[in-house]
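Student: I would like to learn how to read a model such as this one, feature by feature. Where do we start?

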Amino acid sequence: MRIIGGKFGGRNIQVPKGLPVRPTTDRTKEALFNILNNELDWSETQVLDLFAGTGNISLECLSRGAAFVTSVDQNAKCIAAIQASFAQLSITNARATRANVWQYVKQPPVSYGLIFMDPPYDMPRQNELIQQLYNGGWLADEGIMIVEHTSHTLFSSLPGFDFSRVYGSSTLSFFRHSG
């Protein structure tokens, strides 16, 4: 896995083989961060990365100067890989948490300026999870939530939907919390 931009840009991070993940492609990451770099003050942005997998998006956010990143995944090997990446890069402003996302969002919310969510494409009730994050106090006023999903799924009818960008068989849908 390669970090594409920021202070760790160009660094390769070794992740164990056989993790149950579908990492965001470099093309999609580059497009995503071109959009976000014009929208966010990274030094003030708290990030929540749900279904974090390898920590690919978490590391990109940290590389660009995110204030703090919380990475959540239910797979113990994924969390170990993320923690190893944080250690390899001497990152101290991040936390990797092993949890089922549905259980995680039942706890009292913490407000984040950026939420990135890359659930399994076939996960049921994605609309419900998006609405819970959007309406439940997890997304800060003026915050942005991004959902990576199959291009066959549409979220344009959900509250806060702003726009989508298609990258092959994947789509990034953006939601904005207007406060």
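Tutor: With the naming of elements: helices and strands are DSSP runs, of at least four residues for a helix (H or I) and at least two for a strand (E), and they are numbered from the N terminus. Keep in mind that this is a predicted model.

Student: Then let me begin at the end of a helix. Which residue takes a positive phi just after α2?

Tutor: G65, at about 100 degrees.

Student: How many residues of α2 are buried?

Tutor: The cut-off is a relative accessible area under 20%. Helix α2 covers residues 56–63, and eight of its eight residues are buried. By name they are N56, I57, S58, L59, E60, C61, L62 and S63.

Student: What do the buried residues of α2 pack against?

Tutor: Two helices and four strands. The helices are α1 and α3 (76–88), and the strands are β1, β2 (68–73), β3 (94–98) and β4 (112–117).

Student: Those strands need a context. In what order do the strands of the sheet come?

Tutor: Read across the open sheet, the order of its seven strands is β3-β2-β1-β4-β5-β7-β6, with mixed pairing. β3 and β6 are the edge strands, each pairing on one side only. From one strand to the next, the twist averages 15 degrees.

Student: How do I read an individual pairing within that sheet?

Tutor: Look for the sense, the number of bridges and a residue pair that fixes the register. β1 and β2 run parallel and are joined by five bridges; L48 stands opposite T70 in β2. Between these strands the chain passes through α2, in a β-α-β crossover that is right-handed.

Student: How many bridges join β2 and β3, and in which sense do they pair?

Tutor: Five, in the parallel sense. Here S71 is opposite A96 in β3. The unit made by β2, α3 and β3 is also β-α-β and right-handed. As for cover, five of the six residues of β2 are buried.

Student: And on the other side, which residue is the bridge partner of D49 in β4?

Tutor: β1 and β4 pair over four bridges in the parallel sense, and D49 has F116 as its bridge partner in β4. Return now to the helix over these strands: α2 packs on the sheet and touches β1, β2, β3 and β4, its direction making about 180 degrees with that of β2.

Student: How does α3 run relative to β3?

Tutor: At about 170 degrees, with α3 lying across β2 and β3. The angles are taken between N-to-C directions, so a value of 180 degrees describes opposite directions.

Student: After β4 comes a loop. Is D118 in that loop buried or exposed?

Tutor: The residue belongs to the loop between β4 and α5 (126–135). D118 counts as buried because its relative accessible area is 11%, and the limit is 20%.

Student: Which residues is D118 in contact with, leaving aside its neighbours within four places in sequence?

Tutor: R22, T24, L50, F51 and E148.

Student: Now the charged pairs. How many salt bridges does the structure hold?

Tutor: Five. One of them joins the side chains of E39 and R176, with an N to O distance of 3.1 Å. This pair spans 137 residues: E39 is in the loop between α1 (26–37) and β1 (46–50), while R176 is in strand β7, residues 170–176.

Student: Why are E39 and R176 counted as partly exposed?

Tutor: The class lies between 20% and 50% relative accessible area. E39 has 40%, so it is partly exposed, and R176 is partly exposed because its value is 27%.

Student: Which other salt bridges should I look at?

Tutor: In one, R64 and E60 bring their closest N and O atoms to 2.5 Å, and both R64 and E60 are buried. In another, the side chain of D162 meets that of R176, at 2.5 Å from N to O. That link also connects distant parts of the chain, 14 residues apart, with D162 in strand β6 (residues 161–167) and R176 in β7. D162 is partly exposed, at 36% relative accessible area. Shared partners also join K29, E60 and R64 into one network of salt bridges.

Key
Residues numbered from 1 in each chain as written. Predicted model: local features only at pLDDT ≥ 70, side-chain atom pairs only at ≥ 80, totals over all residues. Heavy atoms only, no water. Salt bridge = Lys/Arg side-chain N within 4 Å of Asp/Glu carboxyl O. Buried < 20%, exposed > 50% of the residue type's maximum accessible area, 1.4 Å probe, protein only. Contact = heavy atoms within 4.5 Å. Pairing = 2+ DSSP bridges. Right-handed = clockwise from strand over helix to strand, strands pointing away. Axes fitted to C-alpha atoms, helices over the stretch in contact; angles between N-to-C directions.
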